[in-house]
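Visitor: Let's take a short tour by question and answer. May I see the sequence and the structure?
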Amino acid sequence: MEAYNPQSAPEPGSWLELDEQERIDLVESWHRAAHVKLPNVTAHAALHTVVENQIAMNLEPVVRAVHRLTNGGLTRHDAIHAIGSVVAEQFFDILTTEQRDEVDASQAHYLAAVERLTVTSWRQG
Ligand SMILES: [Zn+2]
């Protein structure tokens, strides 16, 4: 896999073959080439990568959310951002949690939040 483009899903096998840093680098390169203005392009790319990993691994609530959001009018790229915003919240949960069962609960929370994500809820921030 030579390049990443958020408007089309990377082929799952080729994507998962890369190591995490290579994935982040590809995502970062695309944003730099597209001159997307971002406060922190590396953090942004890391969130993209988490979402793309979940899609490539066919995590159903995430796959469904991408379809729902793009059918609702978002570009695939914005759908990734919308799901990434939920990932960011879950990271914060995990960072502030010490109990293993709370980490599991946080994963369940994440999936439930992804299921609730709609174009309207995303646009309202
Ligand atoms: Zn992006």
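Guide: First, a term: helices (H or I, at least four residues) and strands (E, at least two) are DSSP runs, numbered from the N terminus. This is a predicted model: local features need pLDDT of at least 70, side-chain atom pairs count only at pLDDT 80 or more, and totals for chains, interfaces and linings use all residues. Residues are numbered from 1 along each chain as its sequence is written.

Visitor: How many helices does the protein chain have?
Guide: Read the pattern along the sequence: α-α-α-α-α-α-α. There are zero strands. The helices come to seven.

Visitor: Which residue takes a positive phi just after H2?
Guide: Most residues other than glycine have a negative phi. Here one that is not a glycine has a phi of about 55°. The place to look is the loop between H2 and H3. The residue is His 35.

Visitor: Is His 35 buried or exposed?
Guide: Count the other C-beta atoms, placed from the backbone, within 10 Å of a residue's own: 20 or more is buried, 12 or fewer is exposed, and in between is partly exposed. His 35 has 6 such neighbours, so it counts as exposed.

Visitor: Which residue in the loop between H3 and H4 also deserves a look?
Guide: This residue has a positive phi of about 60° and is not a glycine. With 9 other C-beta atoms within 10 Å, it is exposed. It is Asn 58.

Visitor: What arc do the buried residues of H2 cover around the axis?
Guide: The buried residues of H2 are Arg 23, Ile 24, Leu 26 and Val 27. They lie on the same side of H2, because their arc around the axis is only 160°. The arc is that of the directions from the helix axis to the C-beta atoms. So the value is 160°.

Visitor: Which residues are exposed on the other side of H2?
Guide: Helix H1 (12–17) and H3 are among what covers the buried residues of H2. Turn to the other side, and the exposed residues are Gln 21, Arg 32 and Ala 33.

Visitor: With which residues is Ala 65 in contact, leaving aside its neighbours within four places in sequence?
Guide: Contact means C-beta atoms, placed from the backbone, within 7 Å. Ala 65 is one of the residues that touch the most other members of the largest nonpolar core. Such a core is a set of buried Ala, Val, Leu, Ile, Met, Phe, Trp, Tyr and Cys residues joined through C-beta atoms within 7 Å. The partners of Ala 65 are Ile 83, Val 114 and Leu 117.

Key
Two residues are in contact if their C-beta atoms, placed from the backbone, lie within 7 Å.
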